[in-house]
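Here's a quick walk through the model, meant to be read with the structure open beside you. Spin it around as you go.

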Amino acid sequence: MFNSMFTRLMSLFLAVVLVVLGSFSFISFINMRNTITKLRMESLQDAAREIAFLSSNAQYSALKYQQNIFKDYLKYKIQKVQDDYSAFVITVDSRGNIMDNFEGLYNENIEFARSLDAKLVYSSLSKILSGEEIQLQSLSATQVIYSVGVPYILNDTVQGAVFIHTDWQHIKAEYLNVAKLMVSIFVIALSLSGIIAAIFTKKIIDPLESMKTAVENFANGQFGVRAEETGSTETILLAKSFNSMADKLQRSDQNRREFVANVSHELRSPVTSINGYITGMLDRTISDDKIPYYLNIVSQETARLKKLIEDLLNLSRLESEQFELTLKSFNINECIRRVIINRIGEVEERQIELETNFEQEPIMVIADQDRIIQVLTNLFDNALKFVANQGIITFSVKIQQKKATISVKDNGKGIDKKDLPNIFDRFYKQDKARSEIKGTGLGLAISKQIMDLHKEKIVALESANGAHFEFTLALDTKGKHNNGK
């Protein structure tokens, strides 16, 4: 899979580089060819002007020896142009007659001379003899021909014309040399791009392969494997998200295992006791006068089983998508009082001091009253489990930012800092070493689920003395209370 991905990414990258470099090289080659052609035509035209000047002086100089000097230099110049540019030079007088001293040039390049279009040469010479300078490109039977022409003028009168032809092969040779250099550069650039692409593609693929391996291990039940957080920013973020998910899954799996162990223990203990006492009563091991005492124990153990089953059913029901809240307006202070009254027997027996700090009366909130009573009961029961006899439990309600903030605090043992992030996890049981503390660790998980359904927060706060829980509820803005500070 990843080899295929590597191949696809490399192919895509190289295809893009090839198209970009190819397009750039093609456009550059066209521009370079046009530039070289233009410069060569301008150079030929400058040479034609110089030959025209020399021709004019060779014919019309006042002194004979000066004419000879100009003629000699003119021959040299024409020969140099012919050699340097592989050009064919024609000079004519004002009547269109070819100058006698240059007729030998035809014989030196007769094939090229024959390839010239006579009509084109005639029409071009006519333009030049009329005083125009020309540049043109024509197509002969065998090749492309570039031509320039200039008149030579004396006393504002056209005395003759210079017409220079060169074939495209000579100009082509110049830009083909440059083209070869460009091809070399193109190949080097493409090779370097391929190497860079391979390095960067590998940096992308390696983290994905690490995650693929981790996923496969997860599928096989190995939850301890983590993906390497390397590569680009995106792959690092992806790996971090994956590892975070893996941590949660591993913790969830651990909690599930612990829950199964806890529930198994909680079920086994009362079931074993119930079975033992009933068996004892049936086989008369337990005397008749002791039967009421042991039936009371059986009743207590049955209540424990019932509570455990109810908690499991409640959590399952709250997590189902079909569960709906029944929202209404009610006084949260009154709910707290009702929860306290339901446990007043234990409170008085253990001489626990209760404190209530209500910011005002009443404080109306909108929520599912039965479910909020369940949350308050769970928090109160949790406090009763861990607070010592003659301890203190405090209920507080205050209004902040159009929310009612309810807190339950005790001065018991408290919660270890390491337990705070997990205290609301399903099946998480705090203080596992204290076996005398009854419970399955479901009460806080149920409370968290209820508050999530209300889209409100419930948190366990750090406290120097005892446990401190806090949750929020939406205020009834039409109720008779202050809407917030």
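Is Lys-455 buried or exposed? At 75% relative accessibility, Lys-455 is over the 50% cut-off, so it counts as exposed. You'll find Lys-455 in the loop between α12 and β10.

His-454 lies in that loop between α12 and β10 too. With 12% relative accessibility it is under the 20% cut-off, so His-454 counts as buried. Setting aside neighbours within four places in sequence, His-454 is in contact with Leu-325, Leu-327, Ala-367, Asp-368, Arg-371 and Ile-372.

Before going further, a word on confidence: this is a predicted model. The protein chain averages a pLDDT of 76, and 81% of the residues score at least 70. Over residues 100–105 the pLDDT drops below 50, although the model still gives that stretch 11 contacts beyond near neighbours in sequence. Residues 432–437 also stay under 50, with six contacts beyond four places in sequence.

**The cores**

The largest nonpolar core holds 46 residues. Those touching the most other members are Ile-332, Ile-372, Leu-376, Ile-393, Ile-406, Phe-471 and Leu-473. The elements giving two or more residues to this core are the helices and strands α9 (332–342), β7 (364–367), α11 (369–386), β8 (392–400), β9 (403–410), α12 (443–453), β10 (458–461) and β11 (468–475). The largest share, eight residues, comes from α11.

Take Ile-372 as a way in. Leaving out neighbours within four places in sequence, Ile-372 is in contact with Phe-330, Ile-332, Ala-367, Met-451, His-454, Phe-471 and Leu-473. So there's His-454 again, on the contact list of a residue from the core.

There is also a second, separate core of 19 residues, and Tyr-85, Ala-87, Tyr-146 and Val-148 are among them.

**Backbone oddities**

Two residues other than glycine have a positive phi:

| Residue | Phi |
|---|---|
| Gln-351 | near 55 degrees |
| Lys-455 | about 60 degrees |

Gln-351 sits in the loop between α10 (344–349) and β6. Lys-455, the exposed residue we started with, is in the loop between α12 and β10.

Where is the cis peptide bond that joins Glu-361 to its partner? That partner is Pro-362, and omega is about -15 degrees. Look for Pro-362 in the loop between β6 (353–358) and β7.

Conventions:
Residues are numbered from 1 along each chain as its sequence is written. This is a predicted model: local features need pLDDT of at least 70, side-chain atom pairs count only at pLDDT 80 or more; totals for chains, interfaces and linings use all residues. Side-chain values use heavy atoms; hydrogens and water are left out. pLDDT is the predictor's confidence in each residue, from 0 to 100. Contact means heavy atoms within 4.5 Å. A nonpolar core is a set of buried Ala, Val, Leu, Ile, Met, Phe, Trp, Tyr and Cys residues joined through side-chain atoms within 4.5 Å. Buried means under 20% relative accessible area, exposed over 50%, partly exposed in between (1.4 Å probe, protein chains only). Helices (H or I, at least four residues) and strands (E, at least two) are DSSP runs, numbered from the N terminus.
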